[in-house]
Amino acid sequence: MASANDPFQFQEFEEAGNLLEANRDATTISIEDEDVKPEKQRRAAGLNPAAGGGDDEDAGDYDDKTELLSGQQKSPPFWTFEYYQQFFDIETHHVKERIIGSVLPWPGKNFIQVYLRRNPDLYGPFWICTTLVFAIAISGNISNFLVHLGKPNYKYTPEFQKVTIAATAIFSYAWLVPFALWGVLLWRNNKTMNLVSYSFMEIICVYGYSLSIYIPAVVLWIFPFEWLRWCSIVVALCLSGSVLVMTFWPAVRDDHPKVIVAIMSAVVLFNILLAVGCKTYFFSKPEPALPANNSSVAVVIKTTMATSNGKGEKVSKFETLKLLEKCRKERDDAMHRESVLREKLRQYETRMRSTEGLKQKLKTLTMDNKELRKQVKALRTEIGLECSPKFNGKTTKDIIYDLHEKERECTSMVEKAGKLSLTIDDLTSELANTVTSKTLLEDQVQSLQQNLKDMTNNQRRLLKLWEDKKAQREQFALPAITQKPGQRPFVHKGIQTEMSVSTSQKLPVNAFETKPFSRDKDSKNALDKHSFPTYGNGYHHDKKTFMHDDAKVICWRAAASIAWAVLLLPPVTAVFVILSRFSLLHPIHTISECFSLLTSAGAIFSLILLCGVILMVGFLNLEYYTVIPTIACSKIALLGQLLHPRQFVNSSAHCIMGIIVAWCCAVTIGGRYETIGYPCTHSDGSTHMCLNEYHLILLLAGAFVGFSHSLLGVIHNMNFVSFHTVQQYKYLRFKGSLPLVVKCSATQALYSVRNYVVVYFFLGYIPKAWICKTLNLHLNSSIHPLDSIAGLLDLSLLYHLWISATFLLFTWYITLLLFRIFVTEVYNFPVQSSFTEEAHQCLPKVLTDKEPMILKFLALQDLALLSQHSPSRRCEVFSLSQPGGHPHNWNAISRECLSLLADLTQRLVAYHDTVATNGRAKSLSTGSERKTSSETSVTSGTEDLMSPRPTLMMKTPASVFARSIVGGPQSPLTAPFTPDLDSPFASPSLRRLTAPVEQCSPWHGTVQSPHVMRRVPKLWSTSTDSQANGSPPPSPASVASPQQQTSKPSLLAQFLQNRKEQVKHFLAKRVLIMYLFNKLPEASSQALFADSQAHIWALEGISYLIQASFSEDQFGVVQTALPSILSCMLVLQEAVDRHFKLPHASSKPLRSASSMGDPTYKTLRFALRATLKTAIYRITTTFGDHLNAVQMSAEHRKRLQQFVEYKD
Amino acid sequence: MCSLALFPAPLPDGQTTLCESNNELLSGSDGHDEVVFFLQELSPLSLFFPRESLKLHSRTESSSRAAFLDHSETLWMRSAAAWRDSGLTGLLTEITNSHTEVPKCLSVSSGCTLALLQWVSSFHGSLFPHLTLSSEDMIAEFSQVLNWSDCVVRAFAWHPHTDKFAVALLDDSIKIYNPKSATTPTLKHRLQRSVAAVQWKPLCASALAVACQNCVLVWHVDPCSLSTRPSSGCAQVLSHPGHSPVTSIAWSPSGSLLASASPMDTAVMVWDVAAESCVPLQRVGGGGVTFLSWSPDGSHVLAPTPSALFRVWETRMWTCERWPCVKGRCQSGCWSPDGSRLLFTVQGETVIYALTFTDSILYTPSVTGFHISYFFCVDLSSSVGGEIQSLAWDPRGERLAVLLKGDPQAADRPAIIAVFKTRTNPVFELLPCGFVQGEADAEPRLMQFHPSFQHGALLTVCWSSGRITHVPFYFLSAGVPHFGLSGSPLLPRPQERCSALANQSLFTEMIS
């Protein structure tokens, strides 16, 4: 049964037979000899089961039975023939199954457990090995022949040694490695308890079957292509290796990981060794003329083996003749050797004889020597050496002995010297110890001195406080001084300092200014060399040029980010090309095609186009970015942002860029997307240029994605650049956010394509018709139009649309990401510089500048970091100016921070008032609007005089929407439809009326005025004493309050108010309108805190500085500002607390993970609250009970006490 | 380089260590009146949680589906349910199991995918054996608490500035004790399971971070509030996919950032708690992060991994330095108060290692080099003790407490706390102080120093019996100058270090 339907084995045998016939050589004899036996065995084995298991059972039943029986069968001892016979007892289909199983490793299917089932065979392994041996040898020969085919002076000689070597290698691999493995497994099994253990035969069987994949691989090696060989090697290696690894995995799974790795790597390594070794040996550069004698020796050995085995009956006559020849040769050799030996013997004899002669000579010489000695003795006595005292009884030997003695003494002396030096060492070490103890003592002394210093410091502080008190008492006596008009509202306690600052203000404008000289030529230093901007009126002119210089830093950073984005473009494009053209059926073909495509001229052209697009995107990023997000408080405001002309420009730019990118995509994808027109034949036979709708759909998709990208950018505030709380290097940050970018672009592309497909389905005919008309193209009626369900449900089309959109968004997002990373990198501003030309780049100066906003933010960030991390730079902050001794740095920094905080407080208070009065304050606000507008001109006029503190404006040049919607400078607070303007209806009508007035006056003045002014007494009522004491709030508005309170709503305003109420009432009934105008919850709160990152840094910086001042401030410069800082923080704390009690203020925004828009601005208010508390706690824990000495109002003290006791 | 043999012998059974005074540890039977009087001040802080008093919840594992009758649903319903319950694996299993209803190719391909997934996961598990543990086992393995799964008090945290503390109990509730107020708020949350660590936010009165099984919770417990059960609205949930179970958390000393670590996640998460956003600091290698310790000066973070490797992060630019250990994983570590010295222990060894950092003081973002030396410090192999479970250094840098695991097999080697006297200035020195013992049959499980004890150091120990006791060490700090009247200790002052003790120095750093 088995032999009859076993074509596989038969074929194999035939193959071997062919080989034998082809190479009529001696080698075959032995092989054939071995061949016969298994063949017989196999036949026997094939018959055997039929006898044992019953004839008529089909394969499946039989299979089960053997499985059952195999456990019970009593196996004969292994040295018997029967023992091995059972391993050849196997069915054909089993062999087939096993071979297939070994070729196709199935995860989870253990080869041994699934296919062998405790019934290993040797049949398969043996024949697979044999086949492999011959396959290797034959294909090696053939390939060698093919390589040299056609060469003129090449004569093919079969290399039979390949067979033997292959046999040795493969059989030793298939038997010795399993043996070793079996031993190792046995050993490990004793060490650790494994559930799975394999017998030796199973292991051999697995190894044998695992080789089967090599047979086709080896046949493939015939073809003289190196890459094909390596590919097939890799595939075969993977398959057979995985079979082996998966098989032995359960056996070692519970072992120590190192052992697992060792065993598995050994298994794989041997496998690789075999495959690669075979390939390199049998299929490498052929050595055409292998020495013939080599083979003959092999032959002889084979023959001798054959004869000794007693199987010489098949040895041909030629062989015996050859043997005879060999014997004869050997005999000749032996005779030759004999003669040589004889010659040698003769030589020895002659040598013996000469030795005898030498001995004789020696004897005579000793005799002579004796005589000579006697003569010497006689001579000594004659000379008288014997009687001289020095040499008395001393021979030369004795003298030498004396010398030795002396030497020994010397060495002992040296040893003693060594010991002495050792003791010296000990002493020095002791000395060192004492020195260290001395330093220890000195340390203690130093610490005591430090204590002393501290005490004196305290004393000094007390003295100062006492002085302050005194000064205050004086102020009480002369209250008029503080309220001098034109005086800065800031009155510091450091009277000396204050005086000096105010005197500097009064200096003529150009007192400190040097002439700006042209320096356009040396552009290497971007920000430097300007006239020292003094505290004066020459400030504005100065600021302009200065801003120009500083903006360069940002420009450089943006340029660097764009450069990186351009550098990243080629790899991204390569990935896109591979992904877009990949086909599963021809992977290698695809890759080679892609590479050839990437190096083509068209690809390079499109790459240049893409670079242009990236440059454009980078430029738009730089143009549109902002550090303060614009938050739309209602749907209509959002709509307004979307419909704004600047936004229109932005969107159309993105559309065009999207089309360009899509065109590049179409070219690189190629195929049906490549061109817009193609020649087609009409039904009437004429050829026209027809419209390629695939190209069109891709281009339009690009435009659509670009457009939606720019719209989403507005909605998600994608132009908002946020600063990270955790500082990281640029590369690490980029690496960290790369996966997010990939995810974002993929999902965003998916949504965009979905929307696009819907849009195209309904409106696709419009662009199609338009294009056809303008380009004079025809529509091919024989092809389905794409704007139908059938046309759009093309998976490959959808895939290409999606991948192109992803590519587009990815490159843009990468550019955006790099821009954000580069722009927000920490910038180190010098705290103070020794050169006046560089003074304007110093931290205090940059802090007080208003524009550009990003520089202010960078300066604040640097302030927060330096105050936290850098003692040396803190030291500079606390230092006094060299001539004069004024703490300019500290004053400027603290003043700026305080004004920021005070500004936020005012905003919060104003907002709270508006909410609390629930719009009833409106009449007051509208009424006072016109009044205050005139008045703010006064305020703003005096402002420059009054203080160099910046106004409340937080404005970026780049915050386009904000700027252009209103057309005037404004804070995020005052953006249209923002919270403080309680009703959006107020704006259109009112603005028209008040526009001429408003435009010339800064809008902020009107806003801060009424509420703040009414609020001020309330807020500061408890702290009037502190105000009197010289720590008034740094608000210019509070100074101007009495005049404004007198203003009353006019008639016109009342009329307007009434009209507005009517309109509002009318409109409120329309649902859609209400939907548009209703405020988004929480948005107003977000808008209030939109620029809070600056406040957070200001709080952090100032609190860390105060903390550090406890131990580092040598001159007590911080002390003077402490009360005002504390009160400012406490007031802000109160305002923030109150704000968080409003509805929606404390509700958390939803977290949306997959968007490139940075949502941090939504949570800034929480961060601010936490930072504020931490800052106050930082000061209270540092100063502790010392705070009792700080002057402040009773209410504030009470509040602070809560912090001291950790009750807030 | 000596051992615990130099220590005074442990007390006989039944005697408890009361406090340290005059350079010696006083035990309960000695009867020092002034000590007893002084200790009464601490007595309201001592607590006892008998195991019986806790209502443990029954362990309902993964699914209660078995309790319900089988009900025939369509394949899609079942697939959706499987997807919802157990993700991709569940879906594939469901499809493979219902091979009668789906096309053959689908079931076969899902079976293949499933097998491939299992194969990959088993391979991954063989690389990092700890990944195969269940999350409870993992917390127990990597927690600083000895025998965490069986411990009544699972975590303990002193408030950094006041006398209140939080205790996490076996029933997953957290109680907050404040000697100044009568209310003890109990915090419970749906997500608050298997609490591995709690920590109060520095420079804040109310925020308490809790490391739970699946997330980090940040409770805001108003100290003035009278409610005993703050609602779960007071808790912020910080979670990140793949970041569970959280075994360790650490606030930055400035209170601005919170770091959390999970043995399953190779990234350390640095949270901006207010914004609920996190920055993952990803480094491959090690297979996870087991423990975090922020140096008191805020400049470094110790982050050991489950393999023989630990990292020290520098917090300015968040770069890290790898330190491969010789033998096992780094079990525990603590920083000296000035942040210049790191002591750590390695699993499988009874040795404390020290790592000294010299930091460049200038704030320049480009400078990152910081380590200088790494030396073998103290060998604790002796007749008592065993491997080291955790280390604690008091905030003044004068006492170092070492919790030794003991030998579970040997009855005479129970877990014990050894206390060293330490000096960091001018040279680093370790001197023996003594053993801290509790009642008979009570093993120490967890210990922590009070962060702002005025008269020396106060070691809080949680015992296996459920008791929490406090052991004060009264001494005059050499390094910290003490101010005026309020800071002076009431107890008799310790005499000068006697010469006999000084000679017994366990370890002295070489002056180089």
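Two strands pair if DSSP finds at least two bridges between them. The exercises below apply this and other cut-offs to a predicted model.

**Exercise 1. Strand pairing in chain B**

Find how many bridges join E12(B) to strand E13 of chain B, and which residue is the bridge partner of B:Ile249.

Solution.
- Step 1. Locate the strands. E12 of chain B covers residues 248-251, and E13 of chain B covers residues 258-261.
- Step 2. Count the bridges. Four bridges join E12(B) to E13(B), and the two strands run antiparallel.
- Step 3. Pick the partner. B:Ile249 has B:Ser260 in E13(B) as its bridge partner.
- Step 4. Look at the turn. The hairpin has six residues between the strands. There, B:Gly255 takes a positive phi near 80 degrees.
- Step 5. Check the faces of E12(B). On one side, B:Ser248 and B:Ala250 are buried. On the other, B:Ile249 and B:Trp251 are buried too, and both faces of the strand are covered.

**Exercise 2. The disulfide**

Identify the cysteines that form the disulfide, and give the handedness of the S-S torsion.

Solution.
- Step 1. Recall the chemistry. A disulfide is a covalent bond between the sulfur atoms of two cysteines.
- Step 2. Search all chains. The structure holds one disulfide.
- Step 3. Apply the distance test. The cut-off is 2.5 Å between sulfur atoms. A:Cys680 and A:Cys690 have an S to S distance of 1.7 Å.
- Step 4. Read the torsion. It is about 45 degrees for A:Cys680 and A:Cys690, so the disulfide is right-handed.
- Step 5. Place the ends. A:Cys680 is in strand E1 of chain A and A:Cys690 is in strand E2 (residues 687-691), so the bond ties together parts that are 10 residues apart in sequence.
- Step 6. Check burial. A:Cys680 is buried at 6% relative accessible area. A:Cys690 is buried at 0%.
- Step 7. Set two other cysteines beside them. A:Cys594 is buried at 1%, while A:Cys555 is partly exposed at 38%.

**Exercise 3. Ring geometry**

Classify the ring pairs A:Tyr673 with A:Tyr694 and B:Phe156 with B:Trp158.

Solution.
- Step 1. Set the scale. Over all chains, the structure holds 41 aromatic pairs.
- Step 2. Take the chain A pair. The ring centres of A:Tyr673 and A:Tyr694 are 5.9 Å apart and the planes stand at 85 degrees; edge-to-face needs over 60, so the pair is edge-to-face.
- Step 3. Place this pair. A:Tyr673 sits in the loop between helix H21 (645-669) and strand E1 (677-681) of chain A. A:Tyr694 sits in helix H22 (residues 693-715), 21 residues apart from A:Tyr673. A:Tyr673 is buried at 1%.
- Step 4. Take the chain B pair. B:Phe156 and B:Trp158 have ring centres 5.8 Å apart and planes at 80 degrees, so this pair is edge-to-face.
- Step 5. Check burial. B:Phe156 is buried at 6%, and B:Trp158 is buried at 4%.
- Step 6. Widen the view. B:Phe156 and B:Trp158 belong to one aromatic cluster with B:Phe49, B:Phe165 and B:Tyr177.
- Step 7. Add charges over rings. The charged end of B:Arg154 sits over the ring of B:Trp148, 3.8 Å from its centre. That of A:Arg646 sits over the ring of A:Tyr624, 5.3 Å from its centre.

**Exercise 4. Salt bridges in chain A**

For A:Glu226 with A:Lys279, A:Arg342 with A:Glu338 and A:Lys730 with A:Glu825, give the N to O distance and the sequence separation.

Solution.
- Step 1. Start from the total. A search of the whole structure finds 30 salt bridges.
- Step 2. A:Glu226 and A:Lys279 meet at 2.7 Å. A:Glu226 lies in helix H11 (residues 226-252) and A:Lys279 in helix H12 (residues 257-283), 53 residues apart. A:Glu226 is partly exposed at 39%, whereas A:Lys279 is buried at 3%.
- Step 3. A:Arg342 and A:Glu338 meet at 2.9 Å. Both lie in helix H14 (residues 317-383), four residues apart, about one turn of the helix. A:Arg342 is exposed at 56%, and A:Glu338 is partly exposed at 41%.
- Step 4. A:Lys730 and A:Glu825 meet at 3.2 Å. A:Lys730 is in helix H23 (residues 730-763) and A:Glu825 in the loop between helix H26 (795-823) and helix H27 (843-848), so the pair ties together parts that are 95 residues apart in sequence. A:Lys730 is partly exposed at 29%, and A:Glu825 is partly exposed at 29%.
- Step 5. Look for shared partners. Salt bridges join A:Glu226, A:Arg229 and A:Lys279 into one network.

How values were computed. Residues are numbered from 1 along each chain as its sequence is written. Chains are lettered from A and ligands numbered from 1 in the order in which they are written. This is a predicted model: local features need pLDDT of at least 70, side-chain atom pairs count only at pLDDT 80 or more; totals for chains, interfaces and linings use all residues. Side-chain values use heavy atoms; hydrogens and water are left out. Rings of Phe, Tyr and Trp (its six-membered ring) pair if their centres lie within 6.5 Å; planes under 30 degrees apart count as stacked, over 60 as edge-to-face and the rest as tilted. Buried means under 20% relative accessible area, exposed over 50%, partly exposed in between (1.4 Å probe, protein chains only). A charge sits over a ring if NZ of Lys or CZ of Arg is within 6 Å of the ring centre and within 35 degrees of the ring normal. A salt bridge is a side-chain nitrogen of Lys or Arg within 4 Å of a carboxyl oxygen of Asp or Glu.
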